[in-house]
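This report describes the fold of one protein chain, then one of its helices, and finally its salt bridges. The sequence and the structure come next.

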Amino acid sequence: MTTGPSARRLTTAECWGLMEAEEVGRLAVTRRDGAPDIFPVNYVVHEGAVYVRSAPDAKVVSLDARPAAAFEIDGRDEDGVWSVVVHGHAARTVDAVEIERSGITRVVSASPRYKAHVLKLSVDTITGRRFADRTESPAQPSSRPPAAAPPAPPPARPRAERPEPIASHRPRPDGVLS
């Protein structure tokens, strides 16, 4: 499904593939005063969740009080530029087995601070878009003739559709995934 003349909606599988291939993203939280805040973080994806290590700082305090969060990555490759956005709920996790299996302890942080906490973002929705790369390399001259006047603005686009929820399985009371 397309979202405009040069944009294409990514499938859920494409979104997860891009998430798994990257290592730096942005975690968005809501501060105590209701304002948004965003943090660059190193992360890992494991079994449909995003794991982040954190120092005991503003993001941990914010998520303890307001667990709704968003996460975003973007990039550029041979097919153009892309963006993936995740919405869900984040909380600290202390389960040593889960932490080890996620691989977050093996992620090298760009920050020198000690990261005592592991945050798990349980994903409710994941969406992504890919756009044709409209930049031109300085080494390659433009093949287009110079324009006499700026191009007309693109037609208005309809509002984006709501992202599709991701099916998940809740643990059974005995702790086994159903």
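A salt bridge is taken here as a side-chain nitrogen of Lys or Arg within 4 Å of a carboxyl oxygen of Asp or Glu. The model is a predicted one, in which local features need pLDDT of at least 70 and side-chain atom pairs count only at pLDDT 80 or more, while totals for chains, interfaces and linings use all residues. Residues are numbered from 1 along each chain as its sequence is written, and side-chain values use heavy atoms, with hydrogens and water left out.

**Overall fold**

The protein contains three helices and eight strands, where helices (H or I, at least four residues) and strands (E, at least two) are DSSP runs numbered from the N terminus. Along the sequence these elements follow the order β-β-α-β-β-β-α-β-β-α-β. Of the 178 residues, 31% count as buried, a term that means under 20% relative accessible area, with exposed meaning over 50% and partly exposed lying in between (1.4 Å probe, protein chains only). Among contacts (heavy atoms within 4.5 Å) with a separation of 6 or more, 69% join residues 24 or more positions apart.

**Helix H1**

Helix H1 spans residues 12–21, and within it Cys15, Trp16, Leu18 and Met19 are buried. Viewed down the axis of H1, the buried residues fall within an arc of 160° and so line one face of the helix, the arc being that of the directions from the helix axis to the C-beta atoms. The buried residues of H1 pack against strands E4 (36–46), E5 (49–54), E6 (68–77), E7 (80–93) and E8 (117–131), whereas the face turned away from the buried side carries the exposed residues Ala13, Glu20 and Ala21.

**Salt bridges**

The structure holds ten salt bridges, including the three pairs tabulated here.

| Pair | Closest N to O |
|---|---|
| Asp33 and Arg31 | 3.0 Å |
| Asp57 and Arg113 | 3.9 Å |
| Asp64 and Arg92 | 2.2 Å |

The salt bridge of Asp57 with Arg113 links distant parts of the chain, since Asp57 is in the loop between E5 and helix H2 (58–65) and Arg113 is in the loop between helix H3 (96–102) and E8, 56 residues apart. Asp57 is buried, at a relative accessible area of 16%, while Arg113 is partly exposed, at 46%.

The salt bridge of Asp64 with Arg92 likewise links distant parts of the chain, with Asp64 in helix H2 and Arg92 in strand E7, 28 residues apart. Asp64 is partly exposed, with a relative accessible area of 45%, and Arg92 is partly exposed at 39%.

In addition, a network of salt bridges links Arg26, Glu72 and Asp74.
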